Each structure stands twice: as C-alpha cells, then as structure tokens.
Amino acid sequence: MEKEKKIDEMKIKKDIWDVVSYIDSVFKDSIDLGASDIHIEPNEHFLLIRFRKDGDFLLHDKVDRENISWIITRLKVLAKIKIDENKKPQDGKVVYYYEKEKTNIDIRLSTLPTTYWEKVVMRILKQDANLTSIEALWLIDVNLEKVREALKSSYWIILVAWPTGSWKSTTLFGVLKNFNPLKYNISTLEDPIEYDIEYVNQSQVKPEIWYTFSSWLRSLVRQDPDIIMVWEIRDKETAVLAVEAALTWHLVLSTIHTNSAAGTVQRLINMGVEPFLLASAMKMVISQRLWKKICSWCKTEYKLKNYELIKVKDILWPIVWADNIDNITFYHWAWCDKCWKSGYKWRMWFHEVLVVWDFLEPMILERDSANNMKKLAIEHWMITMTQDALLKAVVWTTTVEEALKTI
C-alpha cells in the first residue's frame, strides 16, 4: 500500500522537452544510485520508470503517455535494434559514457510487447574490478579453501548454479581471475560479454548466424584450450559437449539454472548426460543467492526473539556449539540516509559449495535423488546455504532475519 500511495503522490511529467537529455538523465541517476536494472513500464495512464536497487524497486518518475513513443524509440536507436518492430521482443545493448567516472558502461536492453505499448528493461553491466577475484566473492574460509583446491586441477567441470539475477558472471570471472592468462590458453563464450579480461579470448554468442554454445564448443576443442568458460549450459548438446571437454583434459567453467548444489547433478542427468560420464567429469558445484547486506552505518545490536534463537540453534548446532550461540551478538538495522532508510546497503552472496568426492559417485551412477545426495554431503561437512547465511550474520554482515529467508 505504501508503494501505491507514493505512486499516487507523484506528479505526471507532461512534457520532457528533450528526449535525448531525459534518457541521459535516467541512465545517470540509476548509475549514481547503484541500481542494477531500469524498468520502463507503460500503462493506461502514464509511463512508470523504476530502478531496482539491492533487489528492491525504487520509483523514479511518471511520464505522460504522449511521450512514450519518443522514449521507446530513443532507447531502440541507442540499442541499435529495429525501431519499427513492436510486435516481437528484441534485445540490444547501449553503451553509455558515465561522465562521473570517465568510463563507458554497457547497458543490456530487452523489449517486450504489452497491452499498452512495449515494456523496456535494462540491466546495468558496470564492471567492478574489486569484485572479480575469488577473495571478493564473500566465500567463508572453509568454502574458499574448497574452491582454491578445486582450481588446482588441470581438468574437471566446475559449475555455478544460480537463479536469474544472482550475479553469476561476477562469480565466474572471480574464479577465472585465479589464472594467469599468459600461462594458459583461456577461451570464453558469453552472452553478453560483461567483463573485459586482457589476454583472454572472449567471444559473443550470435544465434542469428547459428553461432551457439554447442557449435562454439565443437570448434574450440581444436583451438588447443586449457581453460574453457561456457556462459551457460542450456541444453543437452551443450551439457554433453562440456562434460566431454572436461574428460579430455580441459578445465571447464560454466553456469546452470538449478535451485541447489545437489540438484545440479540431477538436472544434468535429466538433460541427457550419462551418469558414468558425469561422475568422472564433475568436480564442484557452487550454488549461490544474492541477499541484502546490512548497512554498516546504522546497524545496531539485536537480541534474538525466542523463536529466532531456537531456529538459529537448530541450524547451526552441527557446526557451532549451542552455548556459543547464546553468547553471540547479532545486529539489526536502524535506518539512515546512507541506506535510503532501508536498513541494508548493497548485497552479498550466500553459498553452498558441493565437492563431488568419491562417496557421491555411486549415488550419481544410481541416479539417486538430490535430497539424498545433499544429506550425504552434509554428513561429510558441506555447509548448507542457510548455515552459510547465519555464519555471515554472526560476523555482522547481514541479519538473522535475512539469513532465515533462505530456508
């Protein structure tokens, strides 16, 4: 109801005068704010512009319907897509020069026909050199050590399991940054290319000319690669080729849509990868989710409610003594201008890292359930995502409330 009230209170901008300057200001405001996405949403009465920041929407502007055509057309021109096509979805890319940092920022654009006009969503692909390293991925020490150990291998397949919007590219490039590209032949196929890495052979998917993940993989194995990064495993053909590449002495990095680390094994088998190949090729699955990071400016001590304490003890008791949990100081938000009175500032990852040890191979060969694999992995000291989240609440980087959302 609060968001509806704010929308009603906003005045509809009747005339934007200069569409070029207006779109430029939208880009600038979103990047200044640290937004990840821009939503341009037409409805019966006006055009609504919203920014997504740290997972939440912030209202930006309301524009009169008379301006919709100008705004959408300008965005299409910038993205180099067809301005006269409004019956089909289109994808493109805008390159925006951000004056404040004297740099170009890529903005991925997607259009979708709706009842009243076309909706446009733009993902801001701002490169952050500080994030592209393993140490910056918010892995707890035990998981960080597992990843480092896995990357010592000359072959295998390592996957990042993710839902949309979990910053998979940042994790992939963080892992890739572990290698010196002058010592290896590293090749990537991406959709789109988000980070430029010197001395790495980066290539862009072009389905319109049949340059797909699977066709690229077939060609790449003749390029004498050491490390292969496939942006995403989307189908059986790509999955099988990636696994076969890993079995022929290549280290393969990729992502896949699954809800858990253990579920990734089952997903690949369901795609058509033979279990005996998977058991031999798979090394690790890093499952991750983006959650809110507590604002360091306004966080304040917080005493857990009884039901929260019971839940925390129940989840952490296998790895933390219950008596120690009683003595832990947790933090909560207090709201301030630095975090736009949300209590949170930026986001962080919660992880679940599954290493495919020998004890899991019989389960893979027998096509066992993801739940059984997860139970066995936990018995062998895999930290679950909820445990990982609560451990990050222990060190005051998030809240118990946010951590318990992972259950």
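1. A good place to start is Ile-157: leaving aside its neighbours within four places in sequence, Ile-157 is in contact with Ile-233, Ala-242, Ala-246, Val-252, Ala-281, Met-282, Lys-283 and Met-284. Ile-157 is also one of the residues with the most contacts inside the largest nonpolar core, a set of 70 residues. Leu-253, Leu-268, Leu-278 and Met-282 are the others named for that. Apart from this there is a second, separate core, with 30 residues, Ile-16, Val-63, Ile-72 and Ile-105 among them. As background, nonpolar side chains in soluble globular proteins tend to be buried together.

2. Keep in mind that this is a predicted model. Mean pLDDT for the protein chain is 87, with 95% of the residues at 70 or more. The stretch to leave alone is residues 1–5, where pLDDT is below 50. Beyond near neighbours in sequence, residues 1–5 have two contacts in the model.

3. Now the overall picture. I count on the assignment of 15 helices and 15 strands in the protein chain. The radius of gyration is 23 Å and the globule rule gives 22 Å for 407 residues, so the chain is as compact as a globular protein of that length. The C-alpha trace spans about 65 × 60 × 40 Å along its principal axes. Of the 407 residues, 50% are buried. Among contacts with a separation of 6 or more, 66% are between residues 24 or more positions apart.

4. Next, the six-stranded sheet. Its strands run in the order β3-β2-β1-β6-β5-β4, the sheet is open, and the pairing is antiparallel. β3 (56–64) and β4 (90–98) are the edge strands; each has a single partner, so one side of each is left without a neighbour in the sheet. On average, neighbouring strands here are turned by 20 degrees against each other, direction ignored. Helix α2 packs on this sheet, touching β1 (37–42), β2, β3, β4, β5 (103–113) and β6 (118–125), and its direction makes about 75 degrees with that of β4. Helix α3 (residues 68–79) lies across β1, β2, β3, β4, β5 and β6 as well, running at about 85 degrees to β4.

5. Two details from that region. Strand β2 (residues 46–53) is joined to β3 by eight bridges, and the two run antiparallel. If you want a register check, Leu-47 has Val-63 in β3 as its bridge partner. Val-63 turns up again as a member of the 30-residue core.

6. Is Ser-30 buried or exposed? Ser-30 sits in helix α2 (residues 19–33), and its relative accessibility is 0%, which is why Ser-30 counts as buried. Not counting residues up to four places away in sequence, Ser-30 touches Ala-35, Ile-38, Phe-51 and Ile-124.

7. The other sheet to look at has seven strands. This sheet is open too, in the order β9-β8-β10-β11-β7-β12-β15, with mixed pairing. At the edges are β9 (201–204) and β15 (344–355), each with a single partner strand, so one side of each has no neighbour in the sheet. From one strand to the next the twist averages 15 degrees. Helix α8 (residues 261–271) packs on the sheet and touches β7 (156–161), β11 (251–256), β12 and β15; its direction makes about 130 degrees with that of β12.

8. For the β12–β15 pair, strand β12 (residues 282–294) and β15 pair in the antiparallel sense over 10 bridges. One bridge to use as a landmark puts Val-285 opposite its partner Leu-354 in β15.

9. Helix α5 (residues 168–176) is mostly covered, and nine of its nine residues are buried. The buried residues include Lys-168, Ser-169, Thr-170 and Thr-171, along with Leu-172, Phe-173 and Gly-174.

10. Last, two backbone spots to inspect. Most residues other than glycine have a negative phi. Trp-138, though not a glycine, has a positive phi of about 65 degrees. Trp-138 is in the loop between β6 and α4 (141–150) and, at 31% relative accessibility, counts as partly exposed. Arg-367 is likewise not a glycine and has a positive phi of about 55 degrees. The place of Arg-367 is the loop between α12 (361–365) and α13 (370–379), and with a relative accessible area of 49% Arg-367 is partly exposed.

Key: Residues are numbered from 1 along each chain as its sequence is written. This is a predicted model: local features need pLDDT of at least 70, side-chain atom pairs count only at pLDDT 80 or more; totals for chains, interfaces and linings use all residues. Side-chain values use heavy atoms; hydrogens and water are left out. Buried means under 20% relative accessible area, exposed over 50%, partly exposed in between (1.4 Å probe, protein chains only). Helices (H or I, at least four residues) and strands (E, at least two) are DSSP runs, numbered from the N terminus. Contact means heavy atoms within 4.5 Å. pLDDT is the predictor's confidence in each residue, from 0 to 100. Two strands pair if DSSP finds at least two bridges between them. Axes are lines fitted to C-alpha atoms, for helices over the stretch in contact, and angles run from 0 to 180 degrees between N-to-C directions. A nonpolar core is a set of buried Ala, Val, Leu, Ile, Met, Phe, Trp, Tyr and Cys residues joined through side-chain atoms within 4.5 Å. The radius of gyration is taken over C-alpha atoms; the globule rule is 2.2 Å times the number of residues to the power 0.38.
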